[in-house]
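Let's take a walk through this model together, beginning with one chain and ending where two chains meet. Keep the 3D view open as you read.

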Amino acid sequence: MQPGVLMHELSIVSSVLDQLDEIRKQQPAGTRFSKVGLRVGELAGVDIDCLRFGFECVVKETAWEQLALEIEEVPRRQRCPACGEEFRAENWATACPKCGEESTELIAGEELQIAFVEVDE
Amino acid sequence: MSQILVEKKVLNENQKLASELREKFREHRILVVNIISSPGSGKTTLLERTLERLDKSRRIVVLTGDLQTENDAKRLAQWGFPVKQIITGGTCHLDARMIEKHLAEWPLETIDLLIIENVGNLVCPSSYDLGEHFKIVMLSVTEGEDKPLKYPSIFVKSELMILSKVDLLPYVPFSAELAKKNARSVHPGIEIIETSSKGDGLAAWMEWLDAKLAAVKRGELVSA
């Protein structure tokens, strides 16, 4: 693992926690979050193992220690402008598997989103 | 247990700032390019060769990012254009806040082109929108041809790939054709220019920049 790579995932974790802080302020006092769900595309430039490890490091011994992390990995998908076929771009092959059109459009895989938080009740 | 749907980008704060920057760049018709590569691919050298060829009346500024030292800014400043170093102090990428902060002292109405030289890293800079029109990825022939397959994110997001140090091709086991094929397999529409510090491809690169500058001036080029 390159140190620079983990550094990147740490800054992503702190962006997530900053946003959760903001969301919590809009909830009734004393609200606790038990889980956060992230959506990470394969083109997001994020290493999932680093992200999990960085998350554990950052929440440890803080108010977020009990927060679980769920990650949905989103594969790269393409749409063919010629025939409308939508397909998973396996091994970076982006030509349409149905009609052979070479220039297809990226429709998924760049996500780096907070999908949900679960409230502890 | 209940669930709150959030559906927000993780880098929401950066995205907001980048959108504000983009709006300013649009208003002042400034072309902004964000150059990204591994350390040592030749970003600073390309910029030196670019700046030395440009007429000093051109309204061009450069922001250059590194973890430490002002070395790159010193190298680039000798060509007479305003250059500012962004020292990230360890952070592996530039973010929109750093750009906003370092641009603050320059009156935007006096700028036509902002060149951002990102921190040498093919991973993290690809996640951070800086409000630029184009990301440009640079790959040198002393690296592996499979870089586009190993780091697809940045190749997918870049409009242009600069294949640098092509004067070394006779001496290194590197297939330019394979590197280009790999880049096109992850991003079929990517433009490619081959350059070297000896001057190869610089005319094509300058033409590329001038065409984009003209489009921004005409208000035709608006970045998303």
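**Chain A and its meeting with chain B**

In this predicted model, 68% of the contacts in chain A with a separation of 6 or more are between residues 24 or more positions apart. Which elements make up the chain? Chain A has 2 helices and 6 strands, and read from the N terminus they follow the order α-β-α-β-β-β-β-β.

Now for the overall dimensions. For 121 residues the globule rule gives 14 Å, but the radius of gyration of chain A is 18 Å, well over that value, so chain A is more spread out than a compact globule. You can set this beside the extents of the C-alpha trace, which spans about 55 × 35 × 15 Å along its principal axes. As for burial, 30% of the 121 residues in chain A are buried.

Let's turn to the partner. The contact between the two chains draws 30 residues from chain A and 30 residues from chain B. On the chain B side, at least two residues each come from strand S1 (2-9), helix H1 (12-27), helix H6 (152-157) and helix H7 (176-186). S1(B) provides the largest share of that side, with 8 residues. By type, the chain B residues that touch chain A are 14 nonpolar, 12 polar and 4 charged.

S1(B) is worth a second look, this time for its pairing. Strand S6 of chain A, residues 112-120, runs antiparallel to S1(B), and 6 bridges join the two. To find your place on screen, look for A:Val119, which stands opposite B:Ser2 in S1(B).

Terms used: Residues numbered from 1 in each chain as written. Chains lettered and ligands numbered in written order. Predicted model: local features only at pLDDT ≥ 70, side-chain atom pairs only at ≥ 80, totals over all residues. Contact = placed C-beta atoms within 7 Å. Helix = DSSP H or I, 4+ residues; strand = E, 2+ residues; numbered from the N terminus. Nonpolar A, V, L, I, M, F, W, Y, C, P; charged D, E, K, R; others polar. Pairing = 2+ DSSP bridges. Rg over C-alpha atoms; globule rule 2.2 N^0.38 Å. Buried ≥ 20, exposed ≤ 12 C-beta atoms within 10 Å, placed from the backbone.
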